[in-house]
Structure formats: structure tokens, C-alpha cells
Amino acid sequence: MAPSATERSCPYGRCHTRVQEFFTARASDWDTRFPDDAPAFDAAARSLSLHPGDAVLDAGCGTGRALPALRAAVGPQGTVLGVDLTPAMLASAVRAGRDHEGTLLLADVARLPLRSGALDAVFGSGLISHLSHPGPDLAELARVVRPGGRLALFHPIGRAALAARHGRRITDDDLRAEHNLSPLLARSGWRLDTYTDEDDGYLALAVRTP
């Protein structure tokens, strides 16, 4: 099946480099730029309904702000992984001590070094806007999650507020819009369960289909 207009993106290598350059330049002060986001991360992590002993991945974990909440949810016997493709962001996570909350991996979500069905859930903050190939990349996330597992696509502020912050307007082809996201997820092994897009937060919860 040919990709839809909302699924087309730049060639892999160019997107990969662009994302690394963007986040490398911002890694050292990323947490100080957004000091008030912790409660939103905690609430979003809780929305995954994790249980003690579960295995969860923070895909595109950045400086690891979600890792403490994910660790609290799965407990000391659970597994918490943080994957990011920008070494500088992972280095910032280590400096913040968040490597004690989970295992940090330098990897791309398009090629996860995990066996199929290994996870109970995936958390992704600001993830979808930076995926090189959204459909295949979401399918890769589905591959590593068991049937019935959950995916949380999150941002501390909603689409309109984020666009206004950057002096833009939201457009109909925005992948995060419900009318685009729901069919994209369905083609990638997920079913959109709940969708919230308000000024104080964006959260799309999906379930891994059999």
C-alpha cells in the first residue's frame, strides 16, 4: 500500500541526522527549559495502567523525564527501557541520575534491539513528530509489544498551544490530529482507544491489536 499524504516523510538518513542535530543543540538545557512538566509526565505514565513487574519502553526518551514515573509504576521487579538516537540527550539523562530508573539504549525506534512481544507498553513523548517513517516506525513499536499492550503518545501541551508557542497554526495534515492518527495507528498494529488534545496536554492512548 502506498503511504498516505500524512505518512510521507524525508529520506531516512536525512531525517535521522536532522533529529540528532536538533536535539544535540538543546540537550544541555532541555530540562531547565521546561521545569514544570513533571506532573504532566507522571499523569501520562499512569494512563498506561502499568502493573508491578511489567516491561515498558520510553521511545525517544530524551533526558529521561518519564523514567521515574514509569519505574514507580512497574516497581523494582519491572523493566524500564529508555531509547533515544541522540547521544547528547542520553548523556543529559545520566547527569540527571535517571539511568538509575531504567536502562538507557542508544537506538532508533525504527530498529529496536528487542524481541517481538517483549513489552507491555510504550510511552512516547513528542515522538510522532520526529519519526522518519511514521507508519513503519509505529509498526515497529507494535512488534515489540504484546497483544493487548498499550501505547501512550504524549505531549505536555496540546497541538494548538504548541503551534502558538512556535508562531504557527495547526493544519489538517498534522499527524497528531485524531482524524489522521487513528487510521495511521490502525494500519500499524494499534487501535486508538482514547484521545485528548487540550491546551494543558495531549494524550493519545492506543491498544496493540492481535
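Colleague: Leaving aside its neighbours within four places in sequence, which residues is Ser 92 in contact with?

Modeller: In this predicted model, Ser 92 is in contact with Ala 27, Ser 28 and Thr 63, once neighbours within four places in sequence are set aside. Ser 92 itself belongs to helix 5, residues 87-95.

Colleague: Why does Ser 92 count as buried?

Modeller: Its relative accessibility is 8%, and buried means under 20%. Ser 92 therefore counts as buried.

Colleague: What makes the pair formed by the side chains of Ser 92 and Arg 95 a polar contact?

Modeller: The two side chains are 2.8 Å apart at this contact, and the cut-off for a pair of N or O atoms is within 3.5 Å. The pair is accordingly listed as a polar contact.

Colleague: How do you know that strand 6 and strand 7 pair?

Modeller: Pairing requires at least two bridges, and strand 6 (residues 190-198) and strand 7 (residues 201-208) share eight bridges, in the antiparallel sense. Glu 198 stands opposite Gly 201 of strand 7, and the two strands form a hairpin with two residues between them.

Colleague: What makes strand 2 and strand 3 a pair, and in which sense do they run?

Modeller: Strand 2 (residues 79-84) and strand 3 are joined over four bridges in the parallel sense, where at least two are needed. Within this pairing, Leu 81 has Thr 103 of strand 3 as its bridge partner.

Colleague: Why is the pairing of the whole sheet called mixed?

Modeller: Strands of a sheet can pair either parallel or antiparallel. Here strand 2 and strand 3 pair in the parallel sense, whereas strand 6 and strand 7 are antiparallel. The open sheet has seven strands in the order 3-2-1-4-5-7-6, and its pairing is mixed.

Colleague: What makes strand 3 and strand 6 the edge strands?

Modeller: Strand 3 (103-106) and strand 6 each pair on one side only. From one strand to the next, the twist averages 15 degrees.

Colleague: Which strands does helix 3 lie across?

Modeller: Helix 3 (residues 38-46) lies across strand 4 (119-125), strand 5 (145-155) and strand 7, and runs at about 150 degrees to strand 4. Helix 4 (residues 67-74) also packs on the sheet, touching strand 1 (55-59), strand 2, strand 3 and strand 4.

Colleague: Which residues touch the most other members of the largest nonpolar core?

Modeller: That core has 30 residues, and those touching the most other members are Leu 57, Leu 119, Leu 138, Leu 141, Leu 151 and Trp 190. A second, separate core of 18 residues includes Val 56, Ala 66, Ala 121 and Ala 152.

Conventions. Residues are numbered from 1 along each chain as its sequence is written. This is a predicted model: local features need pLDDT of at least 70, side-chain atom pairs count only at pLDDT 80 or more; totals for chains, interfaces and linings use all residues. Side-chain values use heavy atoms; hydrogens and water are left out. Buried means under 20% relative accessible area, exposed over 50%, partly exposed in between (1.4 Å probe, protein chains only). A polar contact is a pair of N or O atoms within 3.5 Å; within protein, one must be able to donate a hydrogen and the other to accept it, and residues adjacent in sequence count only if both atoms are side-chain atoms. Contact means heavy atoms within 4.5 Å. Axes are lines fitted to C-alpha atoms, for helices over the stretch in contact, and angles run from 0 to 180 degrees between N-to-C directions. A nonpolar core is a set of buried Ala, Val, Leu, Ile, Met, Phe, Trp, Tyr and Cys residues joined through side-chain atoms within 4.5 Å.
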